[in-house]
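Open the model in your viewer and keep the selection box handy. We'll walk through it stop by stop.

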Amino acid sequence: MPGLHPGKLDLEAWFDGEGPDRVGTHVMRCARCQRHMAEMSRLRSWLRAQPFVAMGDQVDEPLPAGGRGWKAVAVLVAVVATFLMVANRGTHPGGLSAEGPRVTGTTSPALHDADPPAVDDPAPTVASTTPSPPTTKKAATPTTEANSVSQQALARAHQPGEQKALRLGLIVPTKGSMAAEGAQIADVVRQRVAAANAAGGVAGVPVELDMAPAEDPAAIAAMVQRATVLVGGFGASAPTGIPWLLPADPSIAGPDVVPAESPARSAGVQLGGLLRRQGINGVTGVIVGSGPDAALADGLATKVPTTTVAAQEAGTCAPEVAALQRAGAVALAIAGGPDLAAKCMKAAFAKIWHPTYGILLAPSAAYAGLQSMPEALGARTVLGLPWPTSTAPGAARFRATTSSTSYRALVSYAATELAIDVARQQGGISLESIEQGIWRNDLIDLSGLTSRVNILVVAFLGTWLIAG
């Protein structure tokens, strides 16, 4: 990448879902490349909204050379140029519209990384594993059939008739220790909906917001009956029969959920790759708990040698830490939920054990605020969105428009943007409509239902910094 920026062809390939993942990681952090992406997005969205006449349609006679054919091309070029000038006048510095960057949707087969079953082994034994051979994943490319689906959805969006309102559902806690963050999320989502409505809503119809307390099952059930899609939020398990986009809690899962974070296994693969790049010369000790975060151990084992010990959920984690210390582990991974991670980090700190290659955690640690623990200093994990206090363009935009520094609120904000823009581009919203596209802006990069960008972060004095 000359000059530290991807070339034009690399950017255009990534825009179409064909480029390497490293381009996406660069774009997520580069305002200049995001401006280029924004111009491409606006042009593509405008062209898709214009009437399309197939070659040969409504042509009564051949066009003579230099005749109407060239005039038509000249008119199209002039219209496109005029559109770009008008669009640039209506943007803020940096190429961002008053509403914020739109989520760009292009059709492409989704890439899925199935999350394996969680490991739940109560036996306090130590087992050793070695890295499994790498597998090659065939890259997905856009297809004519997928593009046809997009054109059909666009046609439905422009059919005459009454446009139904997009009604977003939001679930947040209103009681207890999490009520304050729930209120902050609700305020952020309201602001994003208001900005969308100021820009015309969806097909001229205002977007509606329906909220329910996380501790009130009856209110959630009633809201689900009224809402089109759930966005962000947290505090309740996933109801059936309604899509839930980017819940602000990685433990919320189900067939209708589009997660904000990669599965724990994928996070383990990323963290194991980081250890290998750092030249790790020993085994990684893994304390394996229950639940979906246990799969972090499986991902790590694909990249580095590991030694595992099963966690005793009711204990202090001191015996497990001692066993791995005796085994000579040079890194400590905690493949379990935030409660287990907190206990084990405290136990390691109490034993004055600071593994050479540090502590590795599941993404759920960031949602639980473990970065504020003194014992977590230097711990690393993987996030699907930029941390709200980071210098990333999306994080800076989020702070400027909401004054919030909550990661849960940023995730909910991104989910609201995703829902609104899918509805605008597809004429409606469903898991199928999301699965058939690639959706990206300065906060998210989804290939169908799966995040394509994973950000390695390190805990430092109450925040998460991008890891080197």
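What percentage of the 468 residues of the protein chain count as buried? The figure is 49%, where buried means under 20% relative accessible area, exposed over 50% and partly exposed in between, with a 1.4 Å probe and protein chains only. Before you click further, note that this is a predicted model, where local features need pLDDT of at least 70, side-chain atom pairs count only at pLDDT 80 or more, and totals for chains, interfaces and linings use all residues. Residues are numbered from 1 along each chain as its sequence is written, and side-chain values use heavy atoms, with hydrogens and water left out.

**The whole chain**

Start with a cartoon view. The protein chain has 15 helices and 19 strands; these are DSSP runs numbered from the N terminus, with helices being H or I of at least four residues and strands E of at least two. Switch on a surface, and about 21,800 Å² is exposed, 58% of it supplied by carbon and sulfur atoms (Shrake-Rupley method, 1.4 Å probe, with only the protein chains shown counting as cover for residues).

**Stop one: an open sheet**

Select β5 to β9. Five strands make an open sheet here, in the order β6-β5-β7-β8-β9, with parallel pairing; two strands pair if DSSP finds at least two bridges between them. At the edges stand β6 (208–213) and β9 (257–258), each with a single partner strand, so one side of each has no neighbour in the sheet. Zoom in on β7 (residues 229–231) and β8 (residues 244–245), which run parallel and are joined by two bridges. Here L230 sits opposite W244 in β8.

Now add helix α7 (residues 217–226), which packs on the sheet and touches β5, β6 and β7 (contact means heavy atoms within 4.5 Å). The direction of α7 makes about 160 degrees with that of β6; axes are lines fitted to C-alpha atoms, for helices over the stretch in contact, and angles run from 0 to 180 degrees between N-to-C directions.

**Stop two: helix α8**

Next, select residues 264–277. The 14 residues of α8 should span 20 Å at 1.5 Å a residue, and the end C-alpha atoms are 20 Å apart, which agrees; the expected span is 1.5 Å times one less than the number of residues. Buried residues in α8 include A264, L271 and L275. Among the elements covering the buried residues of α8 are β10 (284–288), α9 (296–301) and β12 (331–335). Just after α8, look for G279, whose phi is positive, near 75 degrees.

**Stop three: strand β12**

Stay with β12. Five of its five residues are buried, so β12 is largely enclosed by the rest of the structure. Show side chains: A331, A333 and A335 point one way, L332 and I334 the other. In a regular strand the side chains alternate between the two faces of the sheet.

What pairs with β12 in the parallel sense over five bridges? That is β10, where T284 stands opposite A331. β13 also runs parallel to β12, joined by three bridges, with L360 as the bridge partner of A333.

**Last stop: the disulfide**

Finally, select C317 and C344. They form a disulfide with sulfur atoms 1.9 Å apart; the rule is a pair of cysteine sulfur atoms within 2.5 Å. C317 lies in the loop between β11 (306–310) and α10 (318–326), and C344 in helix α11 (residues 338–350), 27 residues apart. The torsion about the S-S bond is about 85 degrees, so the disulfide is right-handed. Are C317 and C344 buried or exposed? Both are buried.
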